[in-house]
Structure formats: structure tokens, C-alpha cells
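Work through these exercises with the sequence and the 3D view side by side. Try each task before reading its solution.

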Amino acid sequence: MKEEWTSTDKIIDFSPQNVQGLTPEDQADFNELVDVWQSKLRRNRVRKKYYRQKNILKDLGIAIPPTLQNMECALGWPAKAVDMLSVRSRFDGFVMPGDDDNGVNDILKENNFSVLYRQSTTSELVHSCSFITVSKGGKGEPVVIISAYDAETAAALWDNRRKKIRCGMTIVDVDPESRKPTQINLYTNIAIVEMRKNKKDIWEAKYKFHKQGRPLMEPMVYRPALDRPFGKSRVSRAVMSITDSAIRTAVRTEVSSEFFTSPQKYLMGADSELFTKNSKWEAYIGNIFAVSKDEDGDKPDFGQLPQSSMQPHMDYMRTLAAQFAGETGIPISSLGVIHDNPASAEAIYAAKEDLIIEAEGLNETNGTALRNIGLLVAAISSNTTIDALPDDVKKMQPRFRNPAIPSVVSQSDAIIKQVSAIPWLAESQVALEELGYTESQITRLLSDKRKFQSQKALEALIAGNTGDNDAEQ
């Protein structure tokens, strides 16, 4: 993938071409995939603009002066809706009954999958889905290559009967000048088809067959439904609508603050030549403001209009924040709005409960996709099929950290109570996981435990030999 097109905004629509070497069935699937990708591209880009805070002001043409309609104003609420949920979904590797995991976790580390998963989750929440592909590595590469794509660079067709994707495509490379794709991969049940555009602008296909019996591509989907198997976006229509209203409110507040800073004053009966040399603003900010009487001896009438209040804008912004919090399950305090007095620890946890439940649901759906990815990695690395894997490996399950992110004190107290009721739990690695230790920390702790036990066994053996020698003497 070239550096020049890391911004997917540079990709433009393209029409499906006849690809040399592609079977008629695969050509039909490819054309359908391109249609799906194009039909969703514009809306996916709109949602990314809201997430990246690049959405423009949607003025109603009433309260904002025309000269300020191009005023830059950004609001990070859509990014909060995505990031505060994605950060609570923390994948921590695969676990399985046996000690041998076929090197799956090591392959994940080689692919820096912990970071890749976070990126995929963020794109999943922005666009409703993201895609992870698996392929055999080449010389000098990991045994298995794991890649991720968002919905702006990939598409898939759903198989309702098998409850998985029928086929999929990913845009691998794009010409930096024309902004049109130059390499696309097609994923089918029997092969990865690499399609490239040659120097004559003709698409050519190259089949790389596999024996997994399914596409080497897995979707990660947020809130799937029967009529929407690829889920829904966290940046929903309601989120975008509330954000538009909040941005308008922020601009109106900015305009009103200018009037609030310099209250409007009036001067009636003054000679118009008074402001010939100095502007009205210079007269306003001057230290001394002198006005003479008119020719009839009357003094000009000076006064000040009542200042407009900023409170209505603040109240409306607080109302919008409450609506946004209700729509996304984010605590209103996280939106930068002070809503009430400082809450207790129980109240703070209750405010985050909706978000925690949402994260648990996200982990459940993502866990299914991750298990499929883990099985594909294990099968490809062993040069076999998923069905031929050992039973222990087939039972692998993804492990997630607690989405509630409890404090060390509260988590330790909970573990102590559980160990008191179930004493053998203290000997389980699960207790260390629940205490929040990372995989590397657990490995070190267990290694230190074995060293300590070996040292104690050696000391006991030496002590036993010394006692036997004393008895002989």
C-alpha cells in the first residue's frame, strides 16, 4: 500500500471493468461488489468527516450574519461517541484449553494486532463495519499476514444461508494522480484473486488458491440486524443532527459574545461631522469622549442599550448535550458540559453503565469475528484446514479485558472475596487476568513463581540430605 493515498478521501468512483482471466461468476460478483462500494462511499465519507471534525456549518440563514457563515467551528462530540466506546473494547489474545495454541498469539504479535484491532474497531464504529483479511506470508514476512480495511476501501456480499460473507473485495493500491484504484483483491471461497491494472490500462487477474472453503476475509460489525447484517454506524443520523445544532449554537454564542463584550450605545442629536476623523469604534474606546452642544444649545442624548444575555445559548447547548448523551450513552460530563453537582462514585458508575453494556455487546460480536480470524491464522500457519485443526485449537476463544475498567482497589477486593469462597481460584491464571495484569506481566509472574518454587524445592532437598548425613554420623 503506497503512502500517497493513505487518505481514503483521495479515492474516486470507478466503473467495474472486464478483468482478463476472471471467471464469469467472479466477474459478476466483482461488479456487484463495486456497486455496493460506490453506493455506500458518499455516506461513509460524510460520517468520517463528522468523526474527524471536518463537517461544515449548516446555517439556517436566520441568526448568523452572511459574513460569518464561513466561520470555522469544530465540535468533537461524534469522535467522543466513537472513541469512548472503542477504548473499552480491549482484546488481549486468544485462550484455549491446551497449552499449545499453534503459535496464533505469536503471529498476532508479529502483525502488531493489538494496534490493528483498535484501528479496526474505530473504523467499525464510524462506518458500521470494517474488514480483516488473512493471507499466507512471503519470504521475510510473518507466516500469516493480517490486514485491516475500512468501509471506504472494502466491501462484501452477505450470504444469508451460511451466515457469513459470500465474497469480498479490498482496494489495495490507488494511482496518486488519477485517484483511481490500480490493484484490487477479490476474496472468494477458493482463492484470493489479485487484480492489477497493467501499463495498457487493462485489468488482469491472478488466482491464489486456498483450501479453507470460505473467503479469507472477516467483517467486524457493530449492532448487526436481520435487515442490516453489516450493522449500523455509531455516527448515526441523530448524532449528526444534534452535532449540527450544537455547531450552530456555538457560532451563535461566538457572535453574541462579541456584542456582549462591546454593548451597543447610542448618541442622539449629535453632529454627523463628529465622526468624520474618528470612527464610531475609536470614539467608543477613547479615554475621553467630548460632544459639544448644537446650534440651539441642546446637548446630545447619550444612552446604552441593555446587554444581551449569554444564558439562553448556554442552556440550549446543555440541552443538546443531554440529547447527545441519551443517544450515545456517554456521560454528559464527558461532553464538556457541567450539568449538576459533583456526583458520588456510585452515581459516576451508573452514568457509565449504558456505555459499559454497549462495550460488552461490542466485545460479543467482535469476539465471534476474532475467533474466526484466529482459526484461519491457525489453519494457514499449519498448512491445513480449519476442520483438520486439533480439538483444543478449535475451542480457542478471544479474551477481552473488563470494559468497566475498574480500579485496582475495587478489583482486588472483588478477587479476595471470590478466592475466599472458591480457594482454588487463587491458583488459576484467571485471577491474575481479572486483577488487570497484562499477558506479558502474567508470563513474568508465572516465571518468577516457578523459579521461587524450584529454589524452595532445592533448599528442601539440600536440607533433607544434610539431615540424613547427621543421622548417619
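A salt bridge is a side-chain nitrogen of Lys or Arg within 4 Å of a carboxyl oxygen of Asp or Glu. Keep that cut-off at hand. Note also that this is a predicted model.

**Exercise 1. Two distant partners**

Task: Decide whether the side chains of Asp92 and Arg401 meet in a salt bridge or miss each other, then locate both residues.

Solution.
- Step 1: Take the N to O distance. For Asp92 and Arg401 it is 3.8 Å.
- Step 2: Apply the cut-off of 4 Å. The two side chains meet in a salt bridge.
- Step 3: Locate the partners. Asp92 is in strand 1 (residues 91–95), while Arg401 is in the loop between strand 12 (397–400) and helix 10 (408–421). They are 309 residues apart, so the pair links distant parts of the chain.
- Step 4: Check the cover. Asp92 is buried at 13% relative accessible area. Arg401 is partly exposed at 27%.

**Exercise 2. More salt bridges**

Task: Find how many salt bridges the rule gives, and describe the Asp29 and Arg166 pair.

Solution.
- Step 1: Recall the principle. Side chains of opposite charge can pair when their charged atoms come close.
- Step 2: Count. The rule gives 12 salt bridges.
- Step 3: Look at Asp29 and Arg166. Their closest N and O atoms are 3.1 Å apart. Asp29 lies in helix 1 and Arg166 in strand 5, so this salt bridge ties together parts that are 137 residues apart in sequence.
- Step 4: Compare their cover. Asp29 is buried, with a relative accessible area of 18%. Arg166 counts as partly exposed at 31%.
- Step 5: Add another pair. Lys208 and Glu194 form a salt bridge, at 3.1 Å from N to O. Lys208 is in strand 8 (residues 203–209) and Glu194 in strand 7 (residues 191–197), 14 residues apart.
- Step 6: Look for a network. Salt bridges link Arg45, Lys48, Asp150 and Glu152.

**Exercise 3. A charge without a partner**

Task: Find which side chain of opposite charge is nearest to Arg47, and how far away it is.

Solution.
- Step 1: Place the residue. Arg47 belongs to helix 1 (residues 24–51).
- Step 2: Search for a partner. The nearest side chain of opposite charge is Glu152, 10 Å away.
- Step 3: Conclude. Arg47 is buried yet has no salt bridge.
- Step 4: List what it touches. Beyond four places in sequence, Arg47 is in contact with Val126, Ser233, Val235 and Met240.

**Exercise 4. Surface patches**

Task: Name the residues of the positive patch and of the nonpolar patch on the surface.

Solution.
- Step 1: Start with charge. Lys40, Arg42, Arg228, Lys232 and Arg237 gather in a patch of positive charge.
- Step 2: Pick one member. Arg237 is in helix 5 (residues 237–261). Its relative accessible area is 60%, so Arg237 is exposed.
- Step 3: Turn to the nonpolar patch. Leu458, Leu461 and Ile462 make a patch of about 300 Å². Ile462 lies in helix 12 (residues 439–472).

**Exercise 5. Inside the protein**

Task: Decide whether Met169 is buried or exposed, then do the same for helix 2.

Solution.
- Step 1: Place Met169. This residue is in strand 5 (residues 164–174).
- Step 2: Read its area. At 0% relative accessible area, Met169 is buried.
- Step 3: See its surroundings. Beyond four places in sequence, Met169 touches several residues, including Phe30, Trp37, Ile184 and Met217.
- Step 4: Go to helix 2 (residues 77–86). Eight of its 10 residues are buried, so helix 2 is largely enclosed by the rest of the structure. Among them are Trp77, Val82 and Leu85.
- Step 5: Step back. Of the 473 residues of the protein, 38% count as buried.

**Exercise 6. Unusual backbone angles**

Task: Find where Asn112 and Lys163 lie, and what sign their phi angles have.

Solution.
- Step 1: Take Asn112. Its phi is positive, about 50°, although Asn112 is not a glycine. It sits in the loop between helix 3 (104–110) and helix 4 (113–127).
- Step 2: Take Lys163. Its phi is positive too, about 60°. Lys163 lies in the loop between strand 4 (154–159) and strand 5.
- Step 3: Check exposure. Asn112 is partly exposed at 43%, and Lys163 is exposed at 58%.

Methods: Residues are numbered from 1 along each chain as its sequence is written. This is a predicted model: local features need pLDDT of at least 70, side-chain atom pairs count only at pLDDT 80 or more; totals for chains, interfaces and linings use all residues. Side-chain values use heavy atoms; hydrogens and water are left out. Helices (H or I, at least four residues) and strands (E, at least two) are DSSP runs, numbered from the N terminus. Buried means under 20% relative accessible area, exposed over 50%, partly exposed in between (1.4 Å probe, protein chains only). Lys and Arg count as positive and Asp and Glu as negative; His and the chain ends are not counted. Contact means heavy atoms within 4.5 Å. Patches are made of residues with over 30% relative accessible area and no salt bridge: like charges are joined within 9 Å, nonpolar side chains (Val, Leu, Ile, Met, Phe, Trp, Tyr) within 5 Å. Accessible areas come from the Shrake-Rupley method with a 1.4 Å probe; for residues, only the protein chains shown count as cover. The place of a charge is taken as NZ of Lys, CZ of Arg, CG of Asp or CD of Glu.
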